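User: I am new to this structure. Please take me through some of the labels used for it, and say how each one is reached.

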Amino acid sequence: MERTITKIEQGKRHPERFNIFLDGEFALSVHEDVLVKCRLHKGQTVHEDDWRGVLREEEEAKAKQLALKYVAYKPRTEQEIVRYLREKGFSNAIVATVIAWLTQYRYLDDRAYANAWVGERRRTKGASRELLRMELRQKGIAEQTIDEALADLSATDEADLAREWAFKRYARVRHLDWQTVQRRIGSFLARKGYSYSDIASALRELRRAHDEDGSDGEDGSDGNE
């Protein structure tokens, strides 16, 4: 079956889109990229197979635009984008094409994402290596990429960071008795994924600081942490 493009009209509200009329009837609105790529023009005879190709190109263009908006809000991993596009109803073939396109133009880079995540979470949340590994796995980052992102974090760095965050939290509870301080900060560091040895080392230093402060409060309650 053949049909003829009788009119191409630029959208008024969305000038980047064009309305295609076949045999005098509205058929489809396409993005300008699709118009150019498929070389659509007035008077063109369109075969059924050609039209299926246009429809696929338009579907791909929609997926690309949605993906770009999604990554513009904040950096995303490949798995997050795949999940997002599938939830929008796009086929696996379209999703794969968009992922390849995003990677080609560096909108998607799991290695850079992992490195940035590690740096930010260490700086703002004091996250341990184990917690970072778990978070990156949950985001679908490949194990090798995770290993590379964590490679520069030494055991000394880990112990130092545990101690740094222990003292930060200690400022909130220093007026309490030592048993309460020990329990709360020990639990705090454990939730961040620090090892038993790093937690024990940090608590030993806190104990000395607590003894020097002369804090031995009896009230184990300090409200919400």
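Analyst: Glu158 in helix α8 is a good place to begin. Keep in mind that the model is predicted.

User: What makes Glu158 count as buried or exposed?

Analyst: Its relative accessible area decides. The value for Glu158 is 8%. Buried means under 20%. Glu158 is therefore buried.

User: Which residues is Glu158 in contact with, leaving aside neighbours within four places in sequence?

Analyst: They are Arg122, Ser128, Arg129, Tyr194 and Asp198. Contact here means heavy atoms within 4.5 Å.

User: Stay with helix α8. Why is the pair of Phe167 and Tyr170 called aromatic, and what is its geometry?

Analyst: By the ring rule, the count comes to six aromatic pairs. Phe167 and Tyr170 form one, at 6.4 Å centre to centre. The cut-off is 6.5 Å, so the rings pair. Their planes are 80° apart. Over 60 degrees counts as edge-to-face, so that label applies.

User: Where do Phe167 and Tyr170 lie?

Analyst: Both are in α8, which covers residues 155-173. They sit three residues apart, about one turn of the helix.

User: How do you know whether Phe167 and Tyr170 are buried or partly exposed?

Analyst: Phe167 has 32% relative accessibility. Partly exposed lies between 20% and 50%, so Phe167 gets that label. Tyr170 has a relative accessible area of 3%. That is under 20%, so Tyr170 is buried.

User: Which residues do ring pairs link into a cluster?

Analyst: Trp101, Tyr105 and Tyr107.

User: Now the helices. Why are α2 and α3 called oblique?

Analyst: Packed helices are described by the angle between their axes and the distance between the axes. For α2 (residues 48-73) and α3 (residues 78-87), the angle is about 130° and the axes are 11 Å apart. Roughly antiparallel needs over 145 degrees, and roughly perpendicular runs from 65 to 115. The angle of α2 and α3 fits neither, so they are oblique. Their crossing is right-handed.

User: Which residues of α2 and α3 meet, and what classes are they?

Analyst: Ala63, Leu66, Ala67, Tyr70 and Val71 in α2 meet Glu80, Ile81, Tyr84 and Leu85 in α3. By class, the contact has eight nonpolar, no polar and one charged residues.

User: What makes α9 roughly antiparallel to α10?

Analyst: α9 packs against α10 (residues 196-213) at about 150°, with the axes 10 Å apart. Over 145 degrees counts as roughly antiparallel, so the label follows. This crossing is right-handed. Among the residues that meet are Trp178, Val181 and Gln182 in α9, and Ile199, Ala202 and Leu203 in α10. The contact has nine nonpolar, three polar and one charged residues.

User: Which residues of helix α6 are buried, and what do they pack against?

Analyst: In α6 (residues 129-138), they are Leu131, Leu132, Arg133, Glu135 and Leu136. They pack against α5, α7 and α9. After α6 comes Gly140, with a positive phi near 85°.

User: How do you know whether Leu150 is buried or exposed?

Analyst: Leu150 belongs to helix α7. Its relative accessibility is 1%. The limit for buried is under 20%, so Leu150 counts as buried. Leaving aside neighbours within four places in sequence, Leu150 is in contact with Val118, Arg129, Leu132 and Arg133. Leu150 and Gly119 are 31 residues apart along the chain, and their C-alpha atoms are separated by 9.7 Å.

Definitions and conventions. Residues are numbered from 1 along each chain as its sequence is written. This is a predicted model: local features need pLDDT of at least 70, side-chain atom pairs count only at pLDDT 80 or more; totals for chains, interfaces and linings use all residues. Side-chain values use heavy atoms; hydrogens and water are left out. Axes are lines fitted to C-alpha atoms, for helices over the stretch in contact, and angles run from 0 to 180 degrees between N-to-C directions. Helices (H or I, at least four residues) and strands (E, at least two) are DSSP runs, numbered from the N terminus. Angles under 35 degrees count as roughly parallel, over 145 as roughly antiparallel, 65 to 115 as roughly perpendicular and the rest as oblique. A crossing is left-handed if the near helix is turned anticlockwise from the far one by less than a right angle, and right-handed if clockwise. Ala, Val, Leu, Ile, Met, Phe, Trp, Tyr, Cys and Pro count as nonpolar, Asp, Glu, Lys and Arg as charged, and the others, Gly among them, as polar. Rings of Phe, Tyr and Trp (its six-membered ring) pair if their centres lie within 6.5 Å; planes under 30 degrees apart count as stacked, over 60 as edge-to-face and the rest as tilted. Buried means under 20% relative accessible area, exposed over 50%, partly exposed in between (1.4 Å probe, protein chains only).
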